[in-house]
Amino acid sequence: MFADFKLYHFMKQYFKFIKSTQGSIKDDLLSGVTVALALVPEAVAFAFVAGISPIIGLYGAFIMGIVTAIFGGRPGMISGATGALAVVMVNLISEGNAMGPEGAMLGVQFLFATLILAGIFQSLAGLLKMGKFVRMIPKSVMMGFVNGLAIVIFTSQLGMFKSEGQWLEGGLLYSMLGLVFLTMMIMFFLPKITKKIPEALAAIIIVSSIVIFGDIETQTVKSFIVSLGGDGIKAGLPVFNIPLISLNLETLSFITPYALILAAIGLIESLMTLNLIDELTDTHGNGNKECIAQGAGNILNGFFGGMGGCAMIGQSIINIKSGGRGRLSGITAALSLLVFVLFASDYIEMIPIAALVGVMFMVVIGTFAWNTFKILNKVPLSDVIVIVLVTVLTVVFDLAIAVFAGVIISALVFAWENSLMIRARKHIDVHGIKHYEIYGPLFFGSIELFNSKFDVRNDPQEVIVDFADSRVVDQSAIESLNKLAEKYQKHGKMIHLRHLSADCVKLIKRAEKICDVNVLEDPDYFVAIDNYRQILDKIK
């Protein structure tokens, strides 16, 4: 009886967990299968880019997918093996092979160890609540990111028009183009007829049926894998293994830089994809939770022989466009991928590459921020430069470099613009005291303009500088206030700094003599000033 109650309670919590988002179970299941079909050639291709077996890529996609779907911070987002990480892995594996005996091929073992360390870094980032820093990424950087990634997805699909390293020609090329176009048309028109069936899944099934039953000669998943040097996707379950390398300082000094790069690229791409999915679904994910899940996925990849990875914007958008919203969609995608590898490899290998390319082309169209062209003459020039720069750097280099460059340039522009916002309203009251009412932030960039507001030589004997509508931001600003006070004191004049924050007062030299805190509202202020002068005379 007690066991039955525990089972009932578990099932109740499980279904509550599955239905905790906006998607329906049917949409999540169908969408998950669609995503799994699109994951196969991507995982295989990225594995070959990294120079490893396609099975390692498929295992990586499965492990990343299942862990992040269950424990991640963004239901509906899909993770798997990605090209951004594969490019970094190329040098890691080649250098790792060179470090071992000839023919030992230790590079893949170094890869697994590096993934474990990268996963630890990513999990620590989540535990330290660093996921919130994605909020610091400006909209212009986001637009450049999605535009650049759309171009990268598009160019990555062009390789599917090759066979054994040569571009397709003649009938093979025309049939490929025709099937790609047919896939795209099905995906475009089907939602106008019914939205009950995911258009991507329907397009893949229809085009695959036409190719198989019509005996059309075109490249399939099987022929694509063979052209890359593989022999298929059939394999068993991933097995637990500890990386077969010596754990010493030499190993750590070799893998740590690669682990940091992989961790940074993985988190940046995942968190920015999370932001994009948030916008598409009008919901809010948990960045810190996603960091921990990404880290856990990469750690498990290191121990179970997977390639590792991060969030995949293309597959995530396929999922969202197909109706996948809940965790069940990601779980279904990962489990379907494993089923393909274990039991259905013969059928999956029959799918024409053209159908999958057509799906990805529609993803490109849906990903690219087409309104970029509409706003180019409406937004500041600095934003246009950032959008173009991030787009180009994403295509030419990688996402991490592009985002870092975009954020740095945006921050410098922000600092420059704010450095010009410092203002000072001046007046002399009935007591002959000159007031400077400061407006705007005082920081390293605005110090020069701030100092130009004061006329130390010609000011009266007593000056009040009021920061009620300003904010002293950094140490450079504190030093400028100290120097300003010294200038007035050298001329035998009294300066009062009012409405500074407590932490600023602590850092001001001779603060007890020049800082008056919260006296603006005091009706007896000038009586207090007279008493203050008497006290100063006694001190002197």
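This passage describes the overall make-up of a predicted model, then its nonpolar cores, its largest pocket and two individual residues.

The protein chain comprises 540 residues, of which 52% count as buried, and its secondary structure consists of 23 helices and nine strands. Among contacts between residues at least 6 apart in sequence, 80% join residues that are at least 24 apart. The accessible surface of the protein chain comes to about 26,100 Å², and 66% of that surface belongs to carbon and sulfur atoms.

With regard to the interior, the largest nonpolar core contains 121 residues, and those with the most contacts inside this core are Ile52, Met89 and Met307. Apart from this core lies another, made up of 25 residues, which include Leu442, Phe450, Val456 and Val472.

The largest pocket holds about 790 Å³ of space and is lined by 36 residues, with Phe46, Gly83, Ala84, Val152 and Ser156 lying nearest its centre. By character, the lining of the largest pocket divides into 19 nonpolar, 12 polar and five charged residues. Several elements supply at least two residues each to this lining, namely the helices α2 (25-50), α4 (83-99), α6 (139-158), α9 (221-227), α12 (313-321) and α17 (381-396), together with the strand β2 (162-163). Of the contributions to the lining of the largest pocket, that of α6 is the greatest, at six residues.

Two residues may be considered individually. Ala485 is placed in helix α20, which spans residues 475-490, and this residue counts as buried because its relative accessibility, at 4%, falls under the 20% limit. When neighbours within four places in sequence are left aside, Ala485 is in contact with Ile495 and Ile514. The C-alpha atom of Ala485 is separated by 9.8 Å from that of Val456, a residue 29 residues apart from it along the chain; Val456 is itself among the members of the 25-residue core.

Thr256, in turn, is found in helix α10, which covers residues 249-281. Its relative accessibility is 25%, a value between the limits of 20% and 50%, and Thr256 therefore counts as partly exposed. Leaving aside neighbours within four places in sequence, Thr256 is in contact with Leu117 and Phe121. Thr256 and Thr114 are 142 residues apart along the chain, yet their C-alpha atoms are separated by 7.1 Å.

Key:
Residues numbered from 1 in each chain as written. Predicted model: local features only at pLDDT ≥ 70, side-chain atom pairs only at ≥ 80, totals over all residues. Heavy atoms only, no water. Helix = DSSP H or I, 4+ residues; strand = E, 2+ residues; numbered from the N terminus. Buried < 20%, exposed > 50% of the residue type's maximum accessible area, 1.4 Å probe, protein only. Contact = heavy atoms within 4.5 Å. 1 Å grid on protein atoms, 1.4 Å probe; cavity = no way out; pocket = protein on both sides within 12 Å on 5 of 7 lines; lining within 4 Å. Points joined across faces, edges and corners; volume = space filled by probe spheres on them. Nonpolar A, V, L, I, M, F, W, Y, C, P; charged D, E, K, R; others polar. Core = buried A, V, L, I, M, F, W, Y, C linked by side-chain atoms within 4.5 Å. Areas by Shrake-Rupley, 256 points an atom, 1.4 Å probe, with all protein chains shown as cover.
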